[in-house]
Structure formats: C-alpha cells, structure tokens
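Open the model in a viewer and keep the sequence panel visible. The stops below go from the whole chain to single residues.

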Amino acid sequence: MRKAVCLLSGGLDSCVVATIAKKELGYDLYCLTVKYGQRHSKEIESAKMIAKKLGAKEHIVLDIGLNRLCRTSSLINKNRTLEERNIQEIGNSIPSTYVPARNIIFLSLALAYAENIDADAIFIGANAVDWSGYPDCRPEFINAFKKVIETGTKSGKEGRKIDIKAPIIDLPKSEIIKRGMELGAPLELTWSCYKGGEKACGKCDSCLLRLKGFKEAGHRDPLKYEHLPRWYMENKK
C-alpha cells in the first residue's frame, strides 16, 4: 500500500484532503499536525479526532512553538488584535494572521517524515481560490517546493520521487465542501475559527470563508457560531 504524509491542521480543508488521500486515492495515512503557538488548541484536538476517524496508521503532533520567531502574526501573538474584514475584502491583501514561512516549515517537516517512512506523497490543504491571501497557498509555491525536493533530498538525488499533492488548490470552498460530503469526510469534527471559544466566532476570515462555502454548497454547517453574518442568513432555507 502506498504511504502518504498528510498535513492535518484540524480544519475543513485538510480534513477533506486527508479523506481524498485515503478514500479516493487509496493511500495509507501518516498524519502530521504542527503545534506552532496557535492562540488555542481546539484545532489540534480536532486533528486528533479526524486522524482517528480516518484510520491513520500514525498521527504525530509536533510542538515547535514559533512564538519567538513569528511575533508579528495575530494568529500567534495574543497581544495583536485579530482583524475582522468584510467577506469582499478577504484575499485582497495579506492579513495580520499571516505566519511567516508557515507552509515552508510545515512542508519541510512533512518531507523529513516522508523520507523517513518511504512515503510516496505529501498532501497539503492549500487553497488559492477562497483564501485569506497567504502567499504560501498558491500553485507557484507548491511547484517551487517540488523543486526543493528534487534538488535538496536524498530521495530526489536517487530519483525516488516524493510528490506534493494539493488536490483542492484550485477549488472554491463550496466545491471543497461538496467533495468532502460526497466522500464522507468527518466535517463535523473540524474547527476553522481563529478563536478558541465554545462556539466559532463567525467574524474572522476563516469563519466567513467557511460560512460562504457552506451557503454556496447548499449544506448546513455542523459548527455552532456565536454570530452569523446577515448575508449568510439571507434567503436561507
């Protein structure tokens, strides 16, 4: 059986990608979740439940706290305010939640793991359509990192390819949700909100993009929210 290292954040996108790897493409899952100093641990707990639900062969939760290196990010630095933008503003600029070099670091860790277990592929839930504007979620970045694997690893030198797969990178959130539901992805276990309350806030970029996706997909979001934007409630069935 082919092996895949899946970067699993606990969010909706990575859950769907892991489900695609397992149920559609037939890989054995080796999941990697990174604790990098996030404001809360709810997404880590979600990742643990998702990995268990999908029958991962192994799930590593790696604590590398980036607090001292990435103090400019409001996703890490609790002294910085999490900005709230209109849905129309999202994606037009790089937000304060940007964590410097995050996906470079994550893919590097996943690559080390993949070489160690002789995995065939690395799966990442990067998306460049309904996104917050992060530069490390674009196809150009994924293609550049493939070159890193080819030139900077033992497996690359020996011609044993470790591929990076980003199967939802060009899909709108609504299509990601539809794909996940078709495959039976455990979306009810996911957590997307940048805040770690009992309920999702319904105001941060991640909540707004998720709500927009569910509305356009015509499905009910299983998460509970403290606030629902007016546009989400309009013409709601």
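Helices, in this tour, are DSSP runs of H or I with at least four residues, and they are numbered from the N terminus. With that numbering, alanine 114 belongs to helix α3. Bear in mind throughout that this is a predicted model.

**The whole chain**

Show the chain as a cartoon and colour by secondary structure. There are 8 helices and 5 strands. Followed along the sequence, they come in the order β-α-β-α-β-α-β-α-α-β-α-α-α. The radius of gyration is 17 Å, close to the 18 Å that the globule rule gives for 237 residues, so the chain is as compact as a globular protein of that length. Along its principal axes, the C-alpha trace spans about 55 × 40 × 30 Å.

Switch to a surface. Its accessible area is about 11,600 Å², and carbon and sulfur atoms account for 48% of that. Of the 237 residues, 51% are buried. Next, colour the charged side chains. The chain has 39 positive and 29 negative charges, and the mean positions of the two sets are 3 Å apart.

How much of the contact network joins residues at least 24 apart in sequence? Among contacts between residues at least 6 apart, the share is 72%. The next stops include residues that are far apart in sequence.

**Stop 1: cysteine 6**

Select cysteine 6, in strand β1 (residues 3-7). Is this residue buried or exposed? Its relative accessibility is 1%, and buried means under 20%, so cysteine 6 counts as buried. Display its surroundings, leaving out neighbours within four places in sequence: cysteine 6 is in contact with Ala18, Ala21, Leu29, Tyr30, Cys31, Leu32 and Phe123. For a long reach across the model, draw a distance from cysteine 6 to leucine 211. Their C-alpha atoms are separated by 25 Å, with these positions 205 residues apart along the chain.

**Stop 2: alanine 114**

Go to alanine 114 in helix α3. This residue is buried, with a relative accessible area of 0%. Residues up to four places away in sequence aside, alanine 114 touches Val5, Ala119, Ile122 and Ile162. Draw a distance back to the previous stop: the C-alpha atoms of alanine 114 and cysteine 6 are separated by 9.5 Å, although the two residues are 108 apart along the chain.

**Stop 3: the aromatic pairs**

Show the aromatic side chains as sticks. A pair of aromatic rings is described by the distance of the centres and the angle of the planes. With ring centres required to lie within 6.5 Å, the count comes to 5 aromatic pairs.

Begin with tyrosine 30 and tyrosine 113. Their ring centres are 6.5 Å apart and their planes are at 80 degrees, so the pair is edge-to-face. It links distant parts of the chain: tyrosine 30 is in strand β2 (residues 28-35) and tyrosine 113 is in helix α3 (residues 102-117), 83 residues apart. Both tyrosine 30 and tyrosine 113 are buried. Tyrosine 30 has already appeared in this tour, among the contacts of cysteine 6.

Now select phenylalanine 141 and phenylalanine 145. Here the ring centres are 6.3 Å apart and the planes are at 50 degrees, so this pair is tilted. What separates the two residues within helix α4 (residues 139-152)? They are 4 residues apart in that helix, which means about one helical turn. Phenylalanine 141 is buried at a relative accessible area of 14%, and phenylalanine 145 is buried at 5%.

**Stop 4: the loops**

Select arginine 68, in the loop between β3 (58-63) and α3. Its relative accessible area is 74%, so arginine 68 is exposed. Between arginine 68 and glycine 37, the C-alpha distance is 9.3 Å, and they are 31 residues apart in sequence.

Stay in the loop between β3 and α3 and move to alanine 101. Its phi is near 65 degrees, a positive value in a residue other than glycine. Alanine 101 is partly exposed, with a relative accessible area of 30%.

Finish at aspartate 118, in the loop between α3 and β4 (121-123). The phi of aspartate 118 is near 60 degrees, again a positive value in a residue other than glycine.

Notes:
Residues numbered from 1 in each chain as written. Predicted model: local features only at pLDDT ≥ 70, side-chain atom pairs only at ≥ 80, totals over all residues. Heavy atoms only, no water. Rg over C-alpha atoms; globule rule 2.2 N^0.38 Å. Buried < 20%, exposed > 50% of the residue type's maximum accessible area, 1.4 Å probe, protein only. Contact = heavy atoms within 4.5 Å. Areas by Shrake-Rupley, 256 points an atom, 1.4 Å probe, with all protein chains shown as cover. Lys, Arg positive; Asp, Glu negative; His and termini not counted. Charge placed at Lys NZ, Arg CZ, Asp CG, Glu CD. Phe/Tyr/Trp six-rings, centres within 6.5 Å; stacked < 30°, edge-to-face > 60°.
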